[in-house]
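This report describes a protein model, moving from its strands to its helix packing, its nonpolar cores and its cysteines. The sequence and the structure follow.

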Amino acid sequence: MSAGVPEADEPGARLAGYEGRAAAVAGVGKDPVNLPMIRHWCEAMGDTNPVYAGPDAVAPPTMLQAWTMGGLSGHAGRTGAYDELIGLLDAAGCTSVVATDCEQEYLRPLRPGDEVAFDTVIEAVSERKTTKLGTGYFVTTRTDVRVAGELVGTHRFRILKYAPARRKPPAPRPRRPRPVVNRDNAGFWEGVAGHRLLIQRCADCGTLRHPWLPGCNACGCPEWDTVEASGEGTVHSYVVMHHPPFPAFDPPYAVGLIQLAEGVRMVSNVVGVPYDKVRIGLPVRVEFRRYENDGADGGGGDGEGALVLPVFRVVEGEG
């Protein structure tokens, strides 16, 4: 919040002229202090203090404003000065309002049967202030509450009337990161782009391997070909990601180590059931998901078009 009076604060000078003017004179509470309203208040607040019930009950002090409220029809004692002030603020572009705080002072308890009267004054209008919500003015009113002429409490209420700040457009959703593709694994990602889950097979000993490697980790042979996996598997292990959050991902989500039917394992997301329903041994089936990274999803794009990734969906009826 900034302090100080801007040089061109012409509305502020007019608004300051309302300080000290009466907003309500000789207002009268529409109902005497009464037990039903006290009971409703206490039930709503969860306040079970015994002093608010029974033949010697008193009203909760924080109900002070409740006895002065005019409801939808308002009060006859309003002077119109407050409405004029609000009208000037609206004309100055301060069309939004938010209550900021209130202060109450209690001089004696109110009791059932007390009939309240009150006067309200516009106590202060601030200089123009800039807040996160926008630029505007703080308006403070003070209401003095009396019973039979005796001051029983004071209620100060402060609002901010402001011109809403121009909101920045929401930041574009970060694009999903692309996998690192190199000469050793390019064949795998080419298969994924064609909705095929390819596994390397050693040309010498026939060992299947994943992730892809330049040579067999069983016999060392550099020659290989591929087999297309059926896509069937089970959850061998899993973790649920909560923190830290990563751009383009919405935690919590399950990441599984999937045991493919062919015997190799791969890491991917487990989908189709809530993250807290994923269990070891759940049967899953590969599913190829397309993520639009070309700007169509509001992600800004990366110039490389859509991204296809393999995920594993829990087999229907097994979740």
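Which strands close into a barrel, and in what order? The model is predicted, and in it five strands close into a barrel in the order S10-S11-S12-S14-S13, with mixed pairing. From one strand to the next, the twist averages 50°.

**Strand pairing in the barrel**

Strands of a sheet pair through backbone hydrogen bonds, and the pairing may be parallel or antiparallel. Strand S10, which covers residues 232-241, pairs with S13 in the antiparallel sense over three bridges. S10 also pairs with S11, again in the antiparallel sense, over eight bridges. S11 in turn runs antiparallel to S12, and five bridges join these two strands. The table gives examples of residues that face each other across these pairs.

| Residue | Partner | Strand of the partner |
|---|---|---|
| Gly-233 | Val-284 | S13 |
| Val-235 | Ile-258 | S11 |
| Tyr-238 | Gly-256 | S11 |
| Val-255 | Asn-269 | S12 |
| Gln-259 | Arg-265 | S12 |

S11 and S12 form a hairpin in which four residues lie between the strands. Within that turn, Gly-263 has a positive phi of about 110°. S11 itself is mostly covered, since six of its eight residues are buried.

**Helix H4 against the strands**

How does H4 lie relative to S12, S13 and S14, and at what angle does it run to S14? H4 lies across S12, S13 and S14 and runs at about 75° to S14. The buried residues of H4 are Phe-188, Gly-191 and Val-192. These residues lie on the same side of H4 because they cover an arc of only 100° around the axis. They pack against S7, S12, S13 and S14. The face of H4 turned away from this buried side carries Glu-190 and Ala-193, which are exposed. After H4 comes His-195, whose phi is positive, near 60°.

**The nonpolar cores**

Which residues touch the most other members of the largest nonpolar core? This core has 24 residues, and those with the most contacts to other members are Leu-197, Val-235, Ile-258, Leu-260, Val-270 and Phe-312. At least two residues of this core come from each of the following elements: helix H4 (186-193), strand S7 (198-202), strand S11 (253-260), strand S12 (265-271), strand S13 (283-291) and strand S14 (307-314). Apart from it lies another core, of 15 residues, which includes Val-33, Met-63, Trp-67 and Val-145.

Leu-197 illustrates the contacts made in this part of the model. Not counting residues up to four places away in sequence, Leu-197 touches Phe-188, Val-227, Glu-228, Ala-229, Gly-231, Leu-260, Met-266, Val-286, Phe-288, Pro-310 and Phe-312. One of these contacts, Phe-188, is among the buried residues of H4.

**A loop position and its distance from Val-227**

Ala-76 is found in the loop between helix H2 (35-45) and helix H3 (81-91). Is Ala-76 buried or exposed? Ala-76 is exposed, as its relative accessible area is 86%, whereas the cut-off for an exposed residue is over 50%. Ala-76 and Val-227 are 151 residues apart in sequence, and their C-alpha atoms are 87 Å apart in space.

**The cysteines**

How many disulfides does the structure hold? It holds zero disulfides. A disulfide would require two cysteine sulfur atoms within 2.5 Å. For Cys-42, the closest cysteine sulfur is that of Cys-102, at 18 Å, which is too far for a bond. Cys-42 is also buried, with a relative accessible area of 10%. For Cys-219, the closest cysteine sulfur belongs to Cys-202 and lies 3.5 Å away, so this pair too is too far apart for a bond. Cys-219 counts as partly exposed, because its relative accessibility is 39%.

Technical notes
Residues numbered from 1 in each chain as written. Predicted model: local features only at pLDDT ≥ 70, side-chain atom pairs only at ≥ 80, totals over all residues. Heavy atoms only, no water. Buried < 20%, exposed > 50% of the residue type's maximum accessible area, 1.4 Å probe, protein only. Core = buried A, V, L, I, M, F, W, Y, C linked by side-chain atoms within 4.5 Å. Contact = heavy atoms within 4.5 Å. Pairing = 2+ DSSP bridges. Axes fitted to C-alpha atoms, helices over the stretch in contact; angles between N-to-C directions. Arc of directions from axis to C-beta.
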